[in-house]
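The following paragraphs walk through one structure, going from the chain as a whole to its helices and then to single residues. Please keep the sequence and the coordinates at hand while reading.

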Amino acid sequence: MQPTAANTKKYNIWIWIFSIAIPLAVAALFSVKIPGVERLGFLPPIYATINGITAMLLVTAVYQIRKGNRKLHERLMKTAIGCSVVFLILYMAYHMTSDSTVYGGEGMLKYVYYFILLTHILLSIIVIPFVLITYVRAISGRFYKHRKIARITYPLWLYVAVSGVIVYLMISPYY
């Protein structure tokens, strides 16, 4: 099921549109507060859990493909992408109803927290086109190219998922 040149170009255009639009929308929505809506303070542990589930799905998917179970790998990866979409929706909903929480830790822990937070944010932006390109290569049957980029996508995405949980655990006492 090799894509035509036109389909590949169309996919690439959509990948770049999403890769630019998602971070811009998230950044813009930080300044948007929905008037008259109660703070959705119950969401952070939910979306942190979704990050943890995503990490487990990624590890399990890699294990399954190494065992040769392509169909289960595919289902796990689609579920991981779905979890990431749900995470993003809940994350934006929380920040559109709540002010950002300030980290209250001190000393070396504060520097560790901000290092993890900064790398988490930067890599969460960088990983978007990697995930989309990796996915498109898989669904279009270009498995050699899929495997090549998946070797980069997997550790980036896994770091983003795990660091999201760590950021939540470190800031949760300050909500």
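Two residues are said to be in contact when heavy atoms of theirs lie within 4.5 Å. On that basis, among the contacts in the protein chain with a separation of 6 or more, 81% are between residues 24 or more positions apart. The model is a predicted one, and the values below are to be read with that in mind.

The secondary structure of the chain consists of five helices and zero strands, so that the order of elements from the N terminus on is α-α-α-α-α. Taken along the principal axes, the box filled by the C-alpha atoms is roughly 50 × 35 × 25 Å. Of the 175 residues in the protein chain, 34% are buried, and the accessible surface comes to about 10,600 Å², with carbon and sulfur atoms contributing 71% of that area.

Helix H1 covers residues 5-29, and isoleucine 13 has its place there. Together with Trp14, Ile17 and Phe18, Ile13 forms a nonpolar patch on the surface, and the accessible area of these residues together is about 390 Å². Isoleucine 13 itself has a relative accessible area of 45% and is therefore partly exposed, since that class lies between the limits of 20% for buried and 50% for exposed. A general property of the α-helix is useful when looking at such a patch: with 3.6 residues a turn, residues three or four places apart point the same way.

Beyond H1, the chain passes through a loop that leads to helix H2 (43-66), and proline 35 is found in this loop. With a relative accessible area of 71%, proline 35 counts as exposed. Although proline 35 and methionine 96 are 61 residues apart in sequence, their C-alpha atoms are 9.3 Å apart in space. As for H2, its 24 residues should span 34 Å at 1.5 Å a residue, and because the C-alpha atoms at its ends are 35 Å apart, the expected and the modelled span agree. Just after H2 comes glycine 68, which takes a positive phi of about 90°.

Helix H3 (residues 70-95) holds both glutamate 74 and lysine 71, which are three residues apart, or about one turn of the helix. How many salt bridges does a search of the whole structure find? The search finds two, and glutamate 74 takes part in a salt bridge with lysine 71, where the closest N and O atoms are 3.7 Å apart, as well as in one with lysine 78, where the N to O distance is 2.9 Å. Lysine 78 is likewise in helix H3, four residues from glutamate 74 and again about one turn of the helix away. Lys71, Glu74 and Lys78 are in this way linked in a network of salt bridges. Their accessibilities can be set side by side: lysine 71 is exposed at a relative accessible area of 51%, lysine 78 is partly exposed at 39%, and glutamate 74 is partly exposed at 30%.

Helix H4 comprises 32 residues (108-139), which at 1.5 Å a residue should span 46 Å, and the distance of 45 Å between its end C-alpha atoms agrees with this. There is nevertheless a kink of about 35° at valine 127 in H4, shortly before proline 129. The buried residues of H4 include Tyr113, Ile116, Thr119 and His120, and also Val127 and Pro129, the residues named with the kink. Farther along the helix, Val131, Ile133, Thr134 and Val136 are among the buried residues too. After H4 comes glycine 141, whose phi is positive and near 75°.

Phenylalanine 130 also lies in helix H4, but at 23% relative accessibility this residue counts as partly exposed, because the limit for buried is under 20%. What does phenylalanine 130 contact, leaving aside its neighbours within four places in sequence? The residues in contact are Ile149, Ile152, Thr153 and Leu156. For one of these, isoleucine 149, the separation from phenylalanine 130 is 19 residues in sequence, and the C-alpha to C-alpha distance is 7.3 Å.

Definitions and conventions:
Residues are numbered from 1 along each chain as its sequence is written. This is a predicted model: local features need pLDDT of at least 70, side-chain atom pairs count only at pLDDT 80 or more; totals for chains, interfaces and linings use all residues. Side-chain values use heavy atoms; hydrogens and water are left out. Patches are made of residues with over 30% relative accessible area and no salt bridge: like charges are joined within 9 Å, nonpolar side chains (Val, Leu, Ile, Met, Phe, Trp, Tyr) within 5 Å. Accessible areas come from the Shrake-Rupley method with a 1.4 Å probe; for residues, only the protein chains shown count as cover. A salt bridge is a side-chain nitrogen of Lys or Arg within 4 Å of a carboxyl oxygen of Asp or Glu. Helices (H or I, at least four residues) and strands (E, at least two) are DSSP runs, numbered from the N terminus. Buried means under 20% relative accessible area, exposed over 50%, partly exposed in between (1.4 Å probe, protein chains only). The expected span of a helix is 1.5 Å times one less than its number of residues. The bend at a residue is the angle between axes fitted to the seven residues ending there and the seven starting there.
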